[in-house]
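User: Please walk me through the core and the salt bridges of this model.

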Amino acid sequence: MKSYSKKITVQESDLDDLNHVNNIRYIEWIQDISKEHWQATVPEPELENYIWVVRHHDITYYGAALLGQKLEIKTNIEKWHGALSQRKVTITNIKNNKVLVSAVTEWCLLNPVNNRPTRVPTDIAALFID
């Protein structure tokens with residue numbers, strides 16, 4: 001599957017009381033990269049035809065990110081089934097290439113008119129395959 005990534009630098013506003021990145025911030029980054037991947041891949045007119053909502057997050061923390069560290073956030077869709085999509089996200093410290101966070105999130109595609117689950121169209125899913 002095609003991957004999407006971006007690089008960020010840990011800011012003071014990302015930190016918690018222990019001076020490392022707050023767990024909630026990691027979740028925000030996971031959601032942000034997922035949305036950015038969708039918006040960068042799907043043609044603009046199609047974007048308003050669908051809404052994605054999180055069904056389940058499974059997150060493993062391997063280490064802490066600290067102020068000023070440069071991170072790479074990378075995502076790809078691992079599989080599709082009906083209205084569901086399973087997306088993997090890794091957050092890596094660029095300096096030492098150490099994975100700090102690994103997450104698998106299950107997303108559900110909704111019809112924006114009635115907010116009901118809708119099958120991922122084959123042509124849309126194909127955009128995410130190498």
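The questions below cover the core, then the salt bridges.

Analyst: This is a predicted model, in which local features need pLDDT of at least 70, side-chain atom pairs count only at pLDDT 80 or more, and totals for chains, interfaces and linings use all residues. Residues are numbered from 1 along each chain as its sequence is written, and side-chain values use heavy atoms, without hydrogens and water.

User: Which element gives the most residues to the largest nonpolar core?

Analyst: A nonpolar core is a set of buried Ala, Val, Leu, Ile, Met, Phe, Trp, Tyr and Cys residues joined through side-chain atoms within 4.5 Å. Buried means under 20% relative accessible area, exposed over 50%, partly exposed in between (1.4 Å probe, protein chains only). The largest core has 16 residues. With four of them, the top contributor is helix 1, where helices (H or I, at least four residues) and strands (E, at least two) are DSSP runs numbered from the N terminus.

User: Is Asp14, a salt-bridge partner of Arg25, buried or exposed?

Analyst: A salt bridge puts a side-chain nitrogen of Lys or Arg within 4 Å of a carboxyl oxygen of Asp or Glu. For Asp14 and Arg25, the closest N and O atoms are 2.7 Å apart. Arg25 is partly exposed at 22% relative accessibility. Asp14 has 4% relative accessibility, so Asp14 counts as buried.

User: How far apart in the chain are Arg55 and Glu106?

Analyst: Their salt bridge has its closest N and O atoms 2.9 Å apart. Arg55 lies in strand 2 and Glu106 in strand 5, a separation of 51 residues.
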